[in-house]
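Let's walk through this model together, going from its helices to its pocket and its charged pairs. Keep the 3D view open as you read.

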Amino acid sequence: TKVSSLPIIAISFLIEYYFFKWLFHLDDIKEFYYIIAANIASGLIGLIARPLSGVLYELSIGMLIKWMFDWGTFNPIAWFFVPVFGGAINSVIELGTINLIWKEKINKKRFLLTFLVNAVTVGFATVWVILNPPQM
């Protein structure tokens with residue numbers, strides 16, 4: 001899925017680049033480092049967190065949805081919450097990385113704005129995968 005998702009990943013990086021540049025009032029070089037560090041951290045943590053979150057979903061909300069609606073894993077409720085949870089988790093990881101490395105202050109406003117941008121970009125990626133499912 002990563003190779004087929006390159007266009008949406010590139011668009012997401014551009015959106016985040018300009019968003020973080022605005023949010024932290026950075027020059028181009030420092031902004032480049034922010035985006036690279038935040039997304040490397042998010043990607044590495046995601047290697048473990050994504051599969052683990054899928055298991056946790058199946059053992060909690062997924063079981064409830066299966067019981068209530070007789071729907072499997074890929075259902076409208078799950079697709080709705082992917083951007084919500086993905087946006088929140090990405091925001092924590094990305095802002096945590098920026099805070100850890102550059103000591104930027106992270107307040108509610110910065111978190112909420114970052115969450116909204118991440119929810120939008122994760123939402124784009126979710127729609128991309130729905131419209132262009134990986135071929136096995």
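**A walk through the model**

Start with a charged residue: Lys66 is partly exposed, at 44% relative accessibility. (Here buried means under 20% relative accessible area, exposed means over 50%, and partly exposed is in between, using a 1.4 Å probe and protein chains only.) Before going further, some ground rules: this is a predicted model, where local features need pLDDT of at least 70 and side-chain atom pairs count only at pLDDT 80 or more, while totals for chains, interfaces and linings use all residues. Residues are numbered from 1 along each chain as its sequence is written, and side-chain values use heavy atoms, with hydrogens and water left out.

Back to Lys66, which has a partner: it makes a salt bridge with Asp70, with 3.0 Å between the closest N and O atoms. Asp70 counts as exposed, at 57% relative accessibility. A salt bridge here is a side-chain nitrogen of Lys or Arg within 4 Å of a carboxyl oxygen of Asp or Glu. Side chains of opposite charge can pair when their charged atoms come close.

How many salt bridges does a search of the whole structure find? It finds three. Another one joins Lys21 and Asp28, at 2.6 Å from N to O. Both ends are partly exposed, Lys21 with a relative accessible area of 24% and Asp28 with 44%. Then there's Glu104 with Arg110, whose closest N and O atoms are 3.5 Å apart. Are these two buried or exposed? Glu104 and Arg110 are both buried.

Arg110 takes us into α5. (Helices are DSSP runs of H or I with at least four residues, strands are runs of E with at least two, and both are numbered from the N terminus.) This helix has 24 residues and reaches 34 Å from its first C-alpha to its last, close to the 34 Å expected at 1.5 Å a residue; the expected span is 1.5 Å times one less than the number of residues. Arg110 has buried company in α5, including Thr114, Val117, Asn118 and Val122. Part of the cover over the buried residues of α5 comes from α1 and α4.

Now look at α1. Its 19 residues should span 27 Å at 1.5 Å a residue, and its end C-alpha atoms are 26 Å apart, which agrees. Among its buried residues are Ile8, Tyr17, Phe19, Phe20 and Phe24, and the buried residues of α1 pack against α2, α4 and α5. Just after α1 comes His25, with a positive phi near 55°.

In α2, find Ser42, which counts as buried because its relative accessibility is 5%. Leaving aside neighbours within four places in sequence, Ser42 is in contact (heavy atoms within 4.5 Å) with Arg50, Asn90, Ile93 and Glu94.

Arg50 also turns up in the largest pocket, where it is one of the residues nearest the centre, along with Val82, Gly86, Val122 and Thr126. That pocket holds about 1700 Å³ of space and is lined by 42 residues. (On a 1 Å grid over the protein atoms alone, a pocket is an open set of points with protein on both sides within 12 Å along at least five of seven lines, and lining residues have an atom within 4 Å of a point.) α1, α2, α4 and α5 each give two or more residues to the lining, and α2 has the largest share, with 13.

How values were computed: 1 Å grid on protein atoms, 1.4 Å probe; cavity = no way out; pocket = protein on both sides within 12 Å on 5 of 7 lines; lining within 4 Å. Points joined across faces, edges and corners; volume = space filled by probe spheres on them.
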